[in-house]
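Biologist: I have the sequence and the coordinates open, and I'd like to go through the side chains with you. Can you bring up the structure so that we are looking at the same thing?

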Amino acid sequence: MKITKDMGIMDIVNKYPNAVSVFQAYGMGCVGCMAARFETLEEGALAHGINVDDLVEDLNANI
């Protein structure tokens, strides 16, 4: 399955534990963030000023 920008952050982390290293590389401490429990990947990226397309590409390359 491919990661998309409309997926929940914690859904991604739970399904693909290796994704944590990508989030950390982008400066997103998603595992410890309460917002990650209800934000989509796109919402989280926008909140951090991160290009969501680049993040999705890197996450998919990692899994």
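**Salt bridge, core and helix H4**

Modeller: Let me start with a charged pair: the side chains of Lys5 and Glu42 meet in a salt bridge, at 3.9 Å from N to O. Please keep in mind throughout that this is a predicted model.

Biologist: Which parts of the chain does that pair tie together?

Modeller: Lys5 lies in the segment before H1 and Glu42 in helix H3, so the salt bridge ties together parts that are 37 residues apart in sequence.

Biologist: And how many salt bridges turn up in the whole structure?

Modeller: A search of the whole structure finds one. As for its two partners, Lys5 is partly exposed at 37% relative accessibility, and Glu42 is also partly exposed, with a relative accessible area of 29%.

Biologist: What about Glu39, is it buried or exposed?

Modeller: Glu39 is buried and yet has no salt bridge, since the nearest side chain of opposite charge, Arg37, is 11 Å away. Glu39 sits in the loop between H2 and H3.

Biologist: What does Glu39 touch, then?

Modeller: Not counting residues up to four places away in sequence, Glu39 touches Met7, Gly8, Ile9, Gly44 and Ala47.

Biologist: Switching to the core: which residues touch the most other members?

Modeller: The largest nonpolar core has 20 residues, and those that touch the most other members are Ile3, Ile12, Ala19, Phe23, Leu41, Leu55 and Leu59. The elements that give two or more residues to this core are helix H1 (9-15), helix H2 (19-25), helix H3 (41-47) and helix H4 (52-62).

Biologist: Take Ile3 from that list; what is it in contact with?

Modeller: Leaving aside its neighbours within four places in sequence, Ile3 is in contact with Ile12, Tyr16, Leu41, Val56, Leu59, Asn60 and Ile63.

Biologist: Tyr16 is in there too. Where is it?

Modeller: Tyr16 is in the loop between H1 and H2, and it is buried, with a relative accessible area of 14%. The C-alpha atoms of Tyr16 and Asn62 are separated by 9.2 Å, although the two residues are 46 residues apart along the chain.

Biologist: And Lys15, how far is it from Ile63 in space?

Modeller: Lys15 and Ile63 are 9.9 Å apart, C-alpha to C-alpha, and 48 residues apart in sequence. Lys15 lies in helix H1, where it is partly exposed, with a relative accessible area of 47%.

Biologist: Let's move to H4. Which of its residues are buried?

Modeller: In H4, the buried residues are Val52, Leu55, Val56, Leu59 and Asn60. Seen down the axis of H4, these buried residues fall within an arc of 130°, so they line one face of the helix.

Biologist: What covers them, and what is on the other side?

Modeller: What covers the buried residues of H4 includes H2 and H3, whereas on the other side of H4, Asp53, Glu57 and Ala61 are exposed.

Biologist: Asp58 isn't in either of your lists. Where does it stand, and what is it in contact with?

Modeller: Asp58 is in helix H4, and at 35% relative accessibility it counts as partly exposed. Leaving aside neighbours within four places in sequence, Asp58 is in contact with Val22 and Tyr26. Asp58 and Ile3 are 9.9 Å apart in space, C-alpha to C-alpha, and 55 residues apart in sequence.

Biologist: One last thing: what does the side chain of Asn51 reach to at the start of H4?

Modeller: There, a side-chain oxygen of Asn51 reaches to within 2.9 Å of the backbone nitrogen of Asp53.

Technical notes. Residues are numbered from 1 along each chain as its sequence is written. This is a predicted model: local features need pLDDT of at least 70, side-chain atom pairs count only at pLDDT 80 or more; totals for chains, interfaces and linings use all residues. Side-chain values use heavy atoms; hydrogens and water are left out. A nonpolar core is a set of buried Ala, Val, Leu, Ile, Met, Phe, Trp, Tyr and Cys residues joined through side-chain atoms within 4.5 Å. Buried means under 20% relative accessible area, exposed over 50%, partly exposed in between (1.4 Å probe, protein chains only). Helices (H or I, at least four residues) and strands (E, at least two) are DSSP runs, numbered from the N terminus. Contact means heavy atoms within 4.5 Å. A salt bridge is a side-chain nitrogen of Lys or Arg within 4 Å of a carboxyl oxygen of Asp or Glu. Lys and Arg count as positive and Asp and Glu as negative; His and the chain ends are not counted. The arc is that of the directions from the helix axis to the C-beta atoms. A polar contact is a pair of N or O atoms within 3.5 Å; within protein, one must be able to donate a hydrogen and the other to accept it, and residues adjacent in sequence count only if both atoms are side-chain atoms.
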